[in-house]
Amino acid sequence: MHKLLLAISQPVSAQLPRDFRHALQEIITDQIPKLIQQRILLCLSEALTNLIEHAKPPATEISIHFTQESDGWQLTIFDNSDAWDCTENLDDDLLTEFSDQESGRGIALVHAQSDKIDYQPGSNDTPNQLLLFWALPKVQIKQTVLIVEDNNSLLLLYKAYLIKNYHVVTALNGYQALEILSTHHIDIVLSDIRMPQMNGLSLRKKINQQSGSELIPFVFLTSQDDEMVQEQAAQLGIDDYLIKPVQKAQLINVIKRILGRSQQVYQQLTTRLDKKITDSLPATLATKAHGWRMQVASRHTGSGGGDLLLQHNFTDKTQLLLTDIMGHDDSAKFFSHAYGGYLHGLIQSMQSSQAPGYILQQLSNRALDDKLLSQVTLTCCSLQLSEAGKISIASAGHPAPLLISNDNISEIDTSGVLPGLLEDCYYESNSLTIIPGQRIALFTDGLFESAIDNTAREQLQQKITASLLSTLSLPIEQALKQVMTVFDQLTNAQPSDDTLLLLLEPIE
């Protein structure tokens, strides 16, 4: 199968990466898993930015094709600059030189976030082609049911009932069941009570004593309609007790109900744990420090990764760390907390203020080496504030801060590879002096991306930028409130991504 989903071409401009990203985002549907969608959009943005900023001579026209294949999705980027094969080994001298020019950003990310990458140099009549591919995820494995039954006929019957919807594992007695439980992932156990060698009651007792198995849902299937036996079974903490003969619909409904309830309980516990961890890592921000006023506001979707802002005041400087942890599922939220804990410990343990670039280097090295922290993608902006409007900024894949002056808004030049992609990354700290009457806005990408389509996103960015400029004369608290009111109005108070906006200004 080969299905063209998007074909777009445009003369090169500073707006091209954003325009192409939004166009691609419009046609990506829920049929593509969220994580793969994110990887596709990241690779597109970085590959285009890499081409526009570093290709020599510069490309004058860039096109993209996005296709659905039988085994995944392919993005092809066409350009008319000189050919440069970015699929060579990352240790190759040419690639290393190119990575140095772009502070390691772009090519390394594309390599890391795509499943397959290929490059076809162009000729006089054909453009260069960069092909990126993402494979279909493996088919979700069916939930596994362990049936423990010494009657072989009933064993085969129950298996026939369930085989269409579940992966079924069988055992003839309790000893076999315990062995299976020690070597297989089991989602639910169905067990007879009366069996030779080890009966169902003894099996349940043994499972209750085993760490890692005691929470597996458990159902008794028995021909004994005996109140004493039922009471013994109930005392062992079971989920249901079915009297034989058991009908197919009855058995399937019980399994669905129990597994559904188990997932519901898991979600509730996850939510509680999420709240407890979040409350233990408060994003407290002093409103004044070392000659600066600061105000922050945030909006949360309630799922996935999240935005994190950390502050630590030293004798002569204030250190800030703004992080956007990506992802949209429960695991992303867990990794968000893991990163939050690490970053909180990192910044609190410093004996003195450190250059922003150095902090990002430490973060990147840890993200590369640590098996836990390497499981997620994040962007980060590190800042150091001191008296007389002095500020130093370094970025690891984060949106560029905005400098707001009386007559215009401009981006502050910061760039750097996402943490954890390359060994010994160097992050340059950009130092500047902000004068009274100017402000700096730092934000996560949800501020400009939280809209339903391309038109709405453009409007969102224009309106937010205009609001940041028009509120420059207002007190910083009032300005922030007004900007976020505009944001809430344009997103109907339902942003598609977590959003954080931090405003800073020197005190006169």
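Let us start at a modest spot: Ala 286 is partly exposed, with a relative accessible area of 27%. This residue sits in the loop that links helix 9 (248-280) to strand 11 (288-289). Setting aside residues up to four places away in sequence, Ala 286 touches Met 294 and Gln 311. Further along the chain, His 312 is 26 residues from Ala 286, and the C-alpha atoms of the two are separated by 9.5 Å. Please keep in mind throughout that this is a predicted model.

Now step back to the whole chain. The protein has 508 residues, and buried residues make up 49% of them. Its secondary structure consists of 14 helices and 21 strands. If we take the contacts between residues at least 6 apart in sequence, 66% of them join residues at least 24 apart.

Where do the nonpolar residues gather? In soluble globular proteins, nonpolar side chains tend to be buried together. Here the largest nonpolar core has 28 residues, and those touching the most other members are Leu 24, Ile 40, Leu 44, Ile 62, Phe 66, Leu 75 and Ile 77. Two or more residues come from each of helix 1 (16-27), helix 2 (34-54), strand 2 (61-69), strand 3 (72-79) and strand 5 (128-135). Of these elements, helix 2 gives the most to the core, with 8 residues.

Ile 77 is a good place from which to look around this core. Leaving aside neighbours within four places in sequence, Ile 77 is in contact with Leu 44, Ala 47, Leu 48 and Leu 51, with Ile 62, Ser 63 and Ile 64, and with Asn 128, Gln 129 and Leu 130. There is also a second, separate core, this one of 21 residues, which includes Ile 180, Met 195, Phe 218 and Phe 220.

Back in the first core, how do helix 1 and helix 2 lie relative to each other? Their axes come within 9 Å and cross at roughly 155°. An angle over 145 degrees counts as roughly antiparallel, and therefore the two helices are roughly antiparallel to each other. Helix 1 passes helix 2 in a right-handed crossing. On the helix 1 side, the contact is made by Leu 16, Pro 17, Phe 20, Arg 21, Leu 24 and Gln 25, while helix 2 brings Ile 40, Leu 41, Leu 42, Leu 44, Ser 45, Leu 48, Thr 49 and Ile 52. Leu 24, Ile 40 and Leu 44 will be familiar, being among the core residues that touch the most other members.

Just past strand 3 the chain enters a loop leading to helix 3 (93-101), and Ser 81 lies there. Is this serine buried or exposed? Ser 81 has a relative accessible area of 8%, and because that is under 20%, it counts as buried. Its side chain is joined to that of Asp 79 by a polar contact of 2.5 Å. Apart from neighbours within four places in sequence, Ser 81 is in contact with Leu 51, Ala 55, Pro 57, Pro 58, Ala 59 and Asn 128. Leu 51 and Asn 128 also appear among the contacts of Ile 77.

Another helix pair offers a contrasting arrangement. The axes of helix 6 (residues 174-183) and helix 7 come within 9 Å and cross at roughly 25°, which means that helix 6 is roughly parallel to helix 7. This crossing, too, is right-handed. Gly 174, Ala 177, Leu 178 and Leu 181 of helix 6 make the contact with Leu 203, Lys 206 and Ile 207 of helix 7.

The loop that runs from strand 8 (188-192) to helix 7 (200-208) holds Arg 194. Arg 194 is exposed, with a relative accessible area of 56%. Leu 221 is 27 residues away from Arg 194 in sequence, yet the C-alpha atoms are 9.5 Å apart in space. Gln 197 belongs to the loop between strand 8 and helix 7 as well. Although Gln 197 is not a glycine, its phi is positive, at about 70°. Gln 197 is exposed, with a relative accessible area of 64%.

Two backbone details round off the tour. Ala 388, in the loop between strand 15 (378-386) and strand 16 (390-396), has a positive phi near 65° while being a residue other than glycine. Ala 388 counts as exposed, at 59% relative accessibility. Finally, the peptide bond from Lys 244 to Pro 245 is cis, with omega near 0°, and Pro 245 is placed in the loop between strand 10 (240-243) and helix 9.

Notes:
Residues are numbered from 1 along each chain as its sequence is written. This is a predicted model: local features need pLDDT of at least 70, side-chain atom pairs count only at pLDDT 80 or more; totals for chains, interfaces and linings use all residues. Side-chain values use heavy atoms; hydrogens and water are left out. Helices (H or I, at least four residues) and strands (E, at least two) are DSSP runs, numbered from the N terminus. Buried means under 20% relative accessible area, exposed over 50%, partly exposed in between (1.4 Å probe, protein chains only). A nonpolar core is a set of buried Ala, Val, Leu, Ile, Met, Phe, Trp, Tyr and Cys residues joined through side-chain atoms within 4.5 Å. Contact means heavy atoms within 4.5 Å. A polar contact is a pair of N or O atoms within 3.5 Å; within protein, one must be able to donate a hydrogen and the other to accept it, and residues adjacent in sequence count only if both atoms are side-chain atoms. Axes are lines fitted to C-alpha atoms, for helices over the stretch in contact, and angles run from 0 to 180 degrees between N-to-C directions. Angles under 35 degrees count as roughly parallel, over 145 as roughly antiparallel, 65 to 115 as roughly perpendicular and the rest as oblique. A crossing is left-handed if the near helix is turned anticlockwise from the far one by less than a right angle, and right-handed if clockwise.
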